[in-house]
Amino acid sequence: MTYAVLGGVMGVVGSFTAVSARIAGLQQGAMIATGVLIMAMGLAMNEWLPFGKCFRRGDPAGGIFSRGFRKLSTIKSAYAYFPIGLLLGLLPCGPAYTALIAAAGTGIGAPNALNGFLSGAGLMIAFGLGTVPALILVAKLAGMGWLTSRRLIYRIGSILMILAGLLYVIRGVRYV
């Protein structure tokens, strides 16, 4: 739902934008920057870059999202999952940022703001649903006995992040 609302807002913003070439250029730059940031995070997770520990500790300042997540995660009820999911949709995520820029692009040429909202929301719903298989795979892998070592999880995750970041950079460079 968080992605849908954010995508809808970006679609409305895009519906007020008349210059689609600027959005395309912005999307290309965002894809390249996102790829570089994802690769840096992957390198940092294994402490191959000096600021790696900050990714493991979360938000050291104890921000509003961290406090909200901690508070909600202590609730022993299935009803806590929905607000937790809403908060997790606001976490920094390079691929989500790129998808949000694409959501803005869907609003370009929309006949009105409502159509822009719906097209942007639809794109982000599709993006969110597209992440479900990967999230299920990660949950299954984390539940397996051989994958109990955090170090191994960070190593596998960092390599996958570096590869995903490289893919984003390549796609950004080739973006037409």
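This short presentation describes the fold, the core and several buried residues of one protein chain.

Good morning. I should say at the outset that the model before us is predicted. I shall begin with the overall architecture. The secondary structure of the protein chain comes to 8 helices and 0 strands. Read along the sequence, the pattern is therefore α-α-α-α-α-α-α-α, where "therefore" simply reflects that helices and strands are read as runs numbered from the N terminus. Of the 176 residues in the chain, 30% are buried. Among contacts with a separation of 6 or more, 76% join residues that are 24 or more positions apart.

Next, confidence. The chain has an average pLDDT of 78, and 81% of the residues score at least 70. Where is confidence lowest, and where is it highest? The lowest mean, 47, belongs to helix α3, residues 53-57, while α7 has the highest, at 87. Over residues 54-62 the pLDDT is below 50, and this stretch has 9 contacts in the model beyond near neighbours in sequence. Where pLDDT is low, the predicted coordinates should not be read in detail.

I turn now to the largest nonpolar core. Which residues make it up? There are 7 in all: Y3, A96, A99, L100, A103, M124 and F127. Helices α6, residues 94-107, and α7, residues 113-143, each supply at least two of them. The helix that gives the most is α6, with 4 residues. As an example, consider A99: leaving aside neighbours within four places in sequence, A99 is in contact with L123, M124 and F127.

Two members of this core deserve a further word. The structure holds 1 aromatic pair. Y3 and F127 form this pair, with their ring centres 5.4 Å apart and 55 degrees between the planes, an arrangement classed as tilted. Because Y3 lies in helix α1 and F127 in helix α7, the pair ties together parts that are 124 residues apart in sequence. Are these two residues buried or exposed? Both Y3 and F127 are buried.

Helix α1 itself covers residues 2-15. At 1.5 Å a residue, its 14 residues should span 20 Å, and the end C-alpha atoms are indeed 20 Å apart, which agrees. The buried residues of α1 are T2, Y3, A4, G7, G8, G11, G14 and S15. For students new to helices, I add a general point: an α-helix has 3.6 residues a turn, so residues three or four places apart point the same way.

Finally, I wish to present two residues of helix α8, which runs over residues 150-174. The one I take up to begin with is S158, which lies in this helix. S158 has a relative accessible area of 0%, and so counts as buried. A polar atom of the side chain of S158 lies 2.9 Å from the backbone oxygen of R155. Which residues does S158 touch, not counting those up to four places away in sequence? They are G42, M45, N46 and W48.

The other residue is G172, also found in α8. G172 counts as buried because its relative accessibility is 0%. Leaving aside neighbours within four places in sequence, G172 is in contact with Q28, M31 and I32. With M31, the C-alpha atoms are separated by 4.9 Å, although G172 and M31 are 141 residues apart along the chain.

Thank you for your attention.

Terms used
Residues numbered from 1 in each chain as written. Predicted model: local features only at pLDDT ≥ 70, side-chain atom pairs only at ≥ 80, totals over all residues. Heavy atoms only, no water. Core = buried A, V, L, I, M, F, W, Y, C linked by side-chain atoms within 4.5 Å. Buried < 20%, exposed > 50% of the residue type's maximum accessible area, 1.4 Å probe, protein only. Contact = heavy atoms within 4.5 Å. Phe/Tyr/Trp six-rings, centres within 6.5 Å; stacked < 30°, edge-to-face > 60°. Expected span 1.5 Å × (residues − 1). pLDDT = per-residue confidence, 0-100. Polar contact = N/O pair within 3.5 Å; in protein donor to acceptor, adjacent residues only side chain to side chain.
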